[in-house]
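Colleague: I would like to learn how to read a model like this one, feature by feature. Can we go through it together?
Modeller: Yes. Have the sequence and the coordinates open.

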Amino acid sequence: MPEETNSIDYVMEKASGPHFSGLRLDGLLSSPPSSATNSPAHRNSSASASASPLAPKQPFVIGVSGGTASGKTTVCDMIIQQLHDHRVVLVNQDSFYRGLTPAELERVHEYNFDHPDAFDTEQLLDCIEKLRSGHPYQVPIYDFKSHRRSSDCFRQVNASDVIILEGILVFHDQRVRNLMNMKIFVDTDADVRLARRIRRDTVERGRDINSVLEQYAKFVKPAFDDFVLPSKKYADVIIPRGGDNHVAIDLIVQHIRTKLGQHDLCKIYPNVYVIQSTFQIRGMHTLIRDKEISKHDFVFYSDRLIRLVVEHGLGHLPFTEKQVITPTGSVYTGVDFCKKLCGVSIVRSGESMENALRACCKGIKIGKILIHRDGDNGKQLIYEKLPKDIPERHVLLLDPVLATGNSANQAIELLIQKGVPESHIIFLNLISAPEGIHCVCKRFPSLKIVTSEIDVALNEEFRVIPGMGEFGDRYFGTDD
């Protein structure tokens, strides 16, 4: 069957009209690329992924193509900004331009940058395949003024749930198309594209207007007609007017959100809650995970994140309805806070979360549990100091990192022995490893876990990856 018959070729030209409601994208967001589905490698990887709950899931790859200056980058930026989600990365085909040779540089005005041969497609394929396999990739940085790549500088792109690949010719090579789950073509009027290109090349790339017009007539327009426009037939979604088509972009964002959904572990364990990711939260994680950050900044941004986790955890406590009279004499129907509450920190990292809890809950009682691993025999020595009436309270268990889950299980078991119902325990942490979540949730399915991010895995030394090191040492300043 010819490949183009596999495309659905939805057109968003009527995005604001009655025909727009008939568009269906749900199939696109759940189906893998047809060629990858039929390959033995894909079948084997799917089988192994279903066999192991810790196996990384296949990322969802979106290709965004269109003529030069059609608004592809704007569309991608709007999608990412609206998602507010750290699980989406952008890869630009422009990063994979071939560096010009000295001979080509001498006649740079005769070089066709819009021809498929201008790109290193093999390296682009390697990049997307590595990212789809869950590995980071060092994307080259191309200088449009010198027409060469930087020899010692790269942009590292980490594997993510959604990969957006943007470029004028990303649909040209069938091998690249076969890696895509969804293909978007940004369709913008030729005059608008030319005006944008003139502005971009003169302002950003230091070129004069005559050379831009000459290049457009000699290379850009013929290449668009020969290579870019014919690839439009492979698109699943066509967006006229680029970034101005807010309705079409909103629809795409909505379906990507559906694709992202919750973390897989949140689907397996409905008692696991990850606070909604925003650029603020992602930025704070970037700072506290940086090994070069100062202790002062590490504490400051850790405290901000901890406060958000605590506030989210408090939202899972039971409440009662309460009515009050406002200064205008009106009746406001709200809720009353849970009165029987206490915190318990797992010493010593958990103590870093106590100030945030005290700031949110005036006069709250906080207990302590110390768990110490004695050598290699796994024996654990425990010290505890808890409120005497703890069986009557809901407990916020505090530990910034959930790694193997062994210490957490020991602390939870102790609380249950003291008479605390399992369903009255909310475990708060900044990051969780999947292994720790499995360990705790399988043993205690009725408690709740609230975290700000679920990391990739544990390494051979049982450290969370990417993680943030020994949290207690960094927070209290006792690291080397």
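Colleague: Let me start with one side chain. Is R149 buried, partly exposed or exposed?
Modeller: This is a predicted model, so the values are computed from predicted coordinates. R149 has a relative accessible area of 28%. Buried means under 20% and exposed means over 50%, so R149 counts as partly exposed.

Colleague: Which residue does R149 pair with in a salt bridge?
Modeller: The general idea first. Side chains of opposite charge can pair when their charged atoms come close. Here the partner of R149 is D120, with 3.8 Å between the closest N and O atoms. R149 sits in strand β5 and D120 in the loop between α4 and α5, so the pair ties together parts that are 29 residues apart in sequence. D120 counts as buried, at 18% relative accessibility.

Colleague: How many salt bridges are there?
Modeller: The count is 21 salt bridges. Take E110 and K218, whose closest N and O atoms are 2.7 Å apart. This pair links distant parts of the chain, 108 residues apart. E110 lies in the loop between α4 (102–106) and α5 (121–132), and K218 in helix α8 (residues 209–228). E110 is partly exposed at 39% relative accessibility. K218 is partly exposed too, at 43%.

Colleague: Which helices hold R443 and E413?
Modeller: First the contact itself: the two side chains, R443 and E413, form a salt bridge at 3.2 Å, N to O. R443 is in helix α15 (residues 434–443) and E413 in helix α14 (residues 406–417), so parts 30 residues apart in sequence are tied together. R443 is partly exposed, with a relative accessible area of 46%. E413 is partly exposed at 25%.

Colleague: Which residues are linked in a network of salt bridges?
Modeller: K340, D389, E392 and R393 are linked in this way.

Colleague: Now strands. In which sense do β4 and β5 pair?
Modeller: The general point: in a regular strand the side chains alternate between the two faces of the sheet. In this model, β4 (residues 137–143) and β5 (residues 148–157) run antiparallel, with 6 bridges between them. One bridge can be named: Y137 has V157 in β5 as its partner.

Colleague: How many residues lie between β4 and β5 in the hairpin?
Modeller: There are 4 residues between the two strands of the hairpin. Look at H147 in the turn: its phi is positive, about 60°.

Colleague: Let us try another strand. Is S345 buried or exposed?
Modeller: S345 is in strand β12 (residues 341–347). Its relative accessible area is 0%, so S345 is buried. Set aside neighbours within four places in sequence, and S345 has contacts with G350, E351, E354, I366, G367, K368, I369 and L398.

Colleague: And a helix position. Where is V253?
Modeller: V253 belongs to helix α9 (residues 246–260). At 1% relative accessibility, V253 is buried. Its contacts beyond four places in sequence are I79, Q82 and L83. Compare sequence with space for one of them: V253 and L83 are 170 residues apart in sequence, yet 6.6 Å apart from C-alpha to C-alpha.

Colleague: Next, empty space. What is the volume of the second largest pocket?
Modeller: Rolling a probe the size of a water molecule over the atoms shows where empty space is left. The second largest pocket holds about 740 Å³. Its lining has 30 residues. Those nearest the centre are D94, F144, R200, D201 and R205.

Colleague: Which elements supply that lining?
Modeller: α3 (72–83), β4 and α7 (190–203) each give at least two residues to the lining of the second largest pocket. The largest share, 4 residues, comes from α7. By class, this lining has 13 charged, 10 polar and 7 nonpolar residues.

Colleague: Finally, step back. How many helices and strands does the chain have?
Modeller: The chain has 16 helices and 20 strands. Of its 480 residues, 46% are buried. Among contacts between residues at least 6 apart in sequence, 70% join residues at least 24 apart.

Key: Residues numbered from 1 in each chain as written. Predicted model: local features only at pLDDT ≥ 70, side-chain atom pairs only at ≥ 80, totals over all residues. Heavy atoms only, no water. Pairing = 2+ DSSP bridges. Buried < 20%, exposed > 50% of the residue type's maximum accessible area, 1.4 Å probe, protein only. Contact = heavy atoms within 4.5 Å. 1 Å grid on protein atoms, 1.4 Å probe; cavity = no way out; pocket = protein on both sides within 12 Å on 5 of 7 lines; lining within 4 Å. Points joined across faces, edges and corners; volume = space filled by probe spheres on them. Nonpolar A, V, L, I, M, F, W, Y, C, P; charged D, E, K, R; others polar. Salt bridge = Lys/Arg side-chain N within 4 Å of Asp/Glu carboxyl O.
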